2 protein chains.
Amino acid sequence: MKGPRARRGTRQERTAPQSTGPMQSFLKPVEILSDDQVESIHRASLRVLNETGIEIMSPKARAFFKAAGADVDQSNDRVRLAPELVEGSIATCPSEWIFHARNPARNVPIGGSWLTYCNATTPPYVSGPNLPRQPGSFETFKQSVQLCQALGEVHFFYGYPVEPQDLPVSSRHLDAYHTLATQTDKVWRAYAMSDMTDALVMAQIARGVDAEQFVREPSLMLNCNTNSPLRIDEAMCDGLIAMSGLGQPVVISAFTMAGAMAPVTMAGALVEQNAECLAGMMLTQLVKPGAPVVYGAFTSNVHMKSGAVALGTPEYAQAAIAGGQLARRYGVPYKSSNVNSSNAPDAQGAYESMNALWATHMGHCNIMAHGIGWLESGLTFSFEKAVIDAEMLRMMQAFLKPMDLSDEALGVEAIARVGPGGHFFGDELTLDRYETAFWEPRLSDWKPYDGWVEAGSKIASTRAGDIATQLMDGFEAPPMEPGIREELDAYVAKRKEELA
Amino acid sequence: MKGPRARRGTRQERTAPQSTGPMQSFLKPVEILSDDQVESIHRASLRVLNETGIEIMSPKARAFFKAAGADVDQSNDRVRLAPELVEGSIATCPSEWIFHARNPARNVPIGGSWLTYCNATTPPYVSGPNLPRQPGSFETFKQSVQLCQALGEVHFFYGYPVEPQDLPVSSRHLDAYHTLATQTDKVWRAYAMSDMTDALVMAQIARGVDAEQFVREPSLMLNCNTNSPLRIDEAMCDGLIAMSGLGQPVVISAFTMAGAMAPVTMAGALVEQNAECLAGMMLTQLVKPGAPVVYGAFTSNVHMKSGAVALGTPEYAQAAIAGGQLARRYGVPYKSSNVNSSNAPDAQGAYESMNALWATHMGHCNIMAHGIGWLESGLTFSFEKAVIDAEMLRMMQAFLKPMDLSDEALGVEAIARVGPGGHFFGDELTLDRYETAFWEPRLSDWKPYDGWVEAGSKIASTRAGDIATQLMDGFEAPPMEPGIREELDAYVAKRKEELA
């Protein structure tokens with residue numbers, strides 16, 4: 001980022017206190033649907049797949065469905081699925097697995113009660129301190145990758161934090177994957193293409209494993225977006241087939257905006273989301289039974305007066321929790337998202353995101369897509385919002401740490417020592433525990449008003465920009481074996497030549 | 001508010017769409033403590049009350065405890081309470097009742113699954129659009145009352161939204177209560193004084209009821225703050241005795257900041273909170289069995305590095321949910337708060353508040369104190385934050401509306417009509433329902449970026465200030481019978497003379 005680079009971090013501890021990896025929730029998921037209501041949505045989705053069917057735009061994918069016994073209408077690519085066929089096929093979806101990074105310390109458990117966080121995915125624009133909103137470039141892409149590598153709250157990369165629009169389309173993925181493979185040691189996900197070879201080869205090289213180990217250990221993820229309503233395009237299908245065939249995880253992501261691409265009711269949008277997810281999940285299992293697959297929800301609504309997508313809303317919160325209930329109905333990991341529709345990293349951006357974060361955490365979302373940096377309904381990656389999001393995620397993690405209820409922690413003795421009207425600052429329990437007793441903020445500023453004014457009256461987004469700058473300022477790429485680095489460089493060079 | 005008064009509301013619907021009164025939550029409360037852990041806290045609190053005891057600074061209150069069989073040490077005002085005495089006394093606390101306003105449409109149900117919202121209570125400072133942060137005055141007090149009357153999200157007044165510091169202390173309550181009684185038709189709460197007569201008489205006059213009906217129908221509330229740890233001062237005790245004696249509701253509010261006035265552990269702070277609440281609840285029932293009383297929680301922690309109070313934190317969220325579990329253990333209504341420690345109505349203010357709001361809603365808080373306008377850990381009432389808070393509360397209310405899962409809403413027919421690749425804008429289900437399908441924002445701006453820039457690039461706090469100004473601009477005091485008004489005016493005039 002141009003500009004404030006010169007300003008060096010003066011408070012080192014500020015940049016990464018108590019950053020933690022994935023954690024498990026000890027809370028029972030919140031449920032907004034009764035078991036009967038979950039079954040109603042399940043049955044309605046099966047009716048949709050059986051009666052209306054789904055458009056599968058890939059001949060390869062249609063062949064898989066046909067071989068399994070589905071009713072395939074070649075005239076319009078429509079595939080109709082009998083309920084027992086769907087239910088039988090998805091029975092082999094695994095419920096939990098490990099996503100393997102080139103640095104094993106960055107391995108990520110997916111499923112069960114695990115909560116994992118990712119960056120915002122592929123906004124076309126970017127903004128930051130001294131960086132007015134502008135189209136993403138390779139330069140700002142690399143900076144966003146560095147920030148997300150530096151932020152411990154990003155557990156893996158769910159695609160590009162911002163689209164490097166100045167790179168030629170044909171070879172863009174090579175430069176971007178090369179950056180992800182070398183500038184981070186976290187796992188990443190590829191984009192759906194009819195030919196997934198580049199991503200698969202580069203992920204395998206980066207991990208330094210042979211083909212057999214690569215297949216045994218999920219190391220690269222694919223997001224398979226449906227084209228709601230009820231359509232999956234050829235690149236998505238073929239990408240899925242390539243990935244599932246090699247045992248790599250695929251997230252089926254419906255984008256079901258009630259009132260636009262889905263019925264105007266939240267229940268109807270969930271039915272459509274569920275039908276699309278079931279069809280995608282089924283395809284992965286037809287390709288390779290037991291292939292890891294994730295139930296991806298993205299149901300919200302459009303603002304009917306303006307047609308704008310509305311995210312982080314009450315309806316979004318309901319859908320995020322209901323989506324978790326549906327994913328658990330099928331015993332598969334659940335992906336949801338940290339979203340908002342604000343145009344600035346302001347109070348609206350924060351309350352819409354915090355609303356989404358509580359809903360997704362209460363709904364036991366295993367993969368938090370768009371966890372870091374998303375603004376403007378996903379049109380912009382904001383460096384300030386990234387730090388704000390990271391702080392909110394750190395708060396959720398601290399909230400989900402079980403309370404210590406040991407006899408000592410119950411404090412009857414401490415209370416007796418201090419007695420009525422006293423204070424606990426000097427009590428022995430305080431002296432024992434004060435250093436780690438409470439969550440420590442990175443961004444939140446609790447100074448008294450006068451101290452805050454003295455420090456420049458900086459609102460949260462300004463402080464977040466300072467922190468982002470500090471984090472990137474000290475960035476060092478994680479170590480990589482020179483042989484591996486050379487192999488990656490050579491592969492990209494060769495492929496660029498071929499594509500030229 | 002000086003300044004933007006001239007700017008008249010151009011979008012009337014913006015100021016009060018879908019404002020709703022108190023609502024019931026259909027969700028089961030979230031629990032972060034097991035039943036055993038709740039019992040551990042309960043038993044530890046009983047040990048504290050039995051072994052350490054609590055300092056009761058009012059001779060009248062000590063007499064009540066002594067008459068009930070408590071061990072009262074007159075040398076240091078210490079009252080020790082045997083477990084069976086506490087448990088026996090609080091058994092008569094009612095679990096649900098109606099709080100009666102002078103306008104019956106503003107009556108508020110307290111307890112059960114009801115969620116009700118209040119204003120921020122008694123910040124010494126105030127800030128707003130064109131109103132730099134400054135000590136509260138009678139002028140800004142009246143404006144804050146008007147805003148809270150205009151905002152449907154304020155269900156009743158939990159004290160003064162801002163302290164009118166320029167009014168003489170001796171008669172300040174008379175002017176303030178007069179404003180609350182005449183400028184709003186919502187119920188309000190009084191401040192604890194050794195003599196509660198003024199508040200009681202004015203509330204009764206405003207309601208226009210006789211003494212018997214006033215006692216039968218709770219119409220005035222008292223907040224009884226403990227002086228943590230384990231002390232209740234004379235004014236609080238005597239105020240409580242006066243109110244409970246007349247059947248008026250009392251909220252027992254512990255202010256247990258872990259590490260300062262409470263043990264450095266959250267469990268210890270909850271034990272102390274619980275002990276103080278139990279003692280206060282017990283006193284209300286000794287005064288009058290069946291008197292309405294509320295379990296008031298205010299447990300958070302101090303930032304040990306700076307000594308600052310930290311609110312809206314992960315620890316606060318845990319304590320807010322645990323507090324609800326404890327209140328339900330005793331079958332009494334639960335008061336919690338919407339809090340934050342930000343110095344500005346910015347992203348931090350919003351995410352800390354939204355964090356608190358989710359926790360308090362998931363914890364089934366029956367009375368949301370500080371719901372509207374609180375900033376700087378309660379030092380400032382912010383007109384902008386009031387509108388931001390109201391929006392977040394409106395989001396929580398919409399989230400808590402059960403989803404329609406009727407056959408029509410499940411949308412199988414609508415999905416069949418539209419089919420793969422279509423859209424739902426023109427579908428008959430959309431046309432039937434689009435006007436009321438989704439939550440409508442008052443503050444959130446979902447315009448595309450270019451449109452937002454064209455409208456002035458206003459961040460949320462700026463828009464919130466505009467909305468606050470619009471709401472106060474059109475303010476009209478609710479109607480009041482001239483006879484009642486005269487009686488109130490005369491009472492205040494007479495009392496001021498007496499106090500002069």
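The following exercises, each with a worked solution, concern two helices, a set of strands and the interface of a predicted two-chain model.

The model is predicted: local features need pLDDT of at least 70, side-chain atom pairs count only at pLDDT 80 or more, and totals for chains, interfaces and linings use all residues. Residues are numbered from 1 along each chain as written, chains are lettered from A and ligands numbered from 1 in the order written, and side-chain values use heavy atoms, without hydrogens or water.

**Exercise 1. State the span of helix H10(A) and how many of its residues are buried.**

Step 1. Helices (H or I, at least four residues) and strands (E, at least two) are DSSP runs, numbered from the N terminus.
Step 2. H10(A), residues 266-287, has 22 residues. The expected span is 1.5 Å times one less than the number of residues, here 32 Å, and H10(A) reaches 32 Å from its first C-alpha to its last.
Step 3. Buried means under 20% relative accessible area, exposed over 50%, partly exposed in between (1.4 Å probe, protein chains only). In H10(A), 21 of the 22 residues are buried.

**Exercise 2. Describe helix H2(A) and the residue that follows it.**

Step 1. H2(A), residues 35-52, has 18 residues and reaches 25 Å, close to the expected 26 Å.
Step 2. Its buried residues include Val38(A), Ile41(A), Ser45(A), Val48(A) and Leu49(A). An α-helix has 3.6 residues a turn, so residues three or four places apart point the same way.
Step 3. Gly53(A) follows, with a positive phi near 80°.

**Exercise 3. Place strand E13(B) among its partners.**

Step 1. Two strands pair if DSSP finds at least two bridges between them. E13(B) is joined by 4 bridges to E11(B), residues 221-225, in parallel, and by 4 bridges to E15(B), residues 293-296, also in parallel.
Step 2. Ser253(B) is the bridge partner of Asn225(B), while Val251(B) stands opposite Val294(B).
Step 3. Val250(B) and Ile252(B) point one way, Val251(B) and Ser253(B) the other, and all are buried.

**Exercise 4. Characterise the interface of chain A and chain B.**

Step 1. Counting contact as heavy atoms within 4.5 Å, 114 residues of chain A touch 114 of chain B.
Step 2. Buried area is the accessible area (1.4 Å probe) lost on putting two parts together, summed over both. The chains bury about 9200 Å², 71% of it on carbon and sulfur atoms. Tyr351(A), Phe438(A) and Trp446(A) supply 10% of the area that chain A buries, more than any other three residues.
Step 3. There are 4 salt bridges between the chains (a side-chain nitrogen of Lys or Arg within 4 Å of a carboxyl oxygen of Asp or Glu). Arg47(B) and Glu413(A) meet in a salt bridge at 3.3 Å, N to O.
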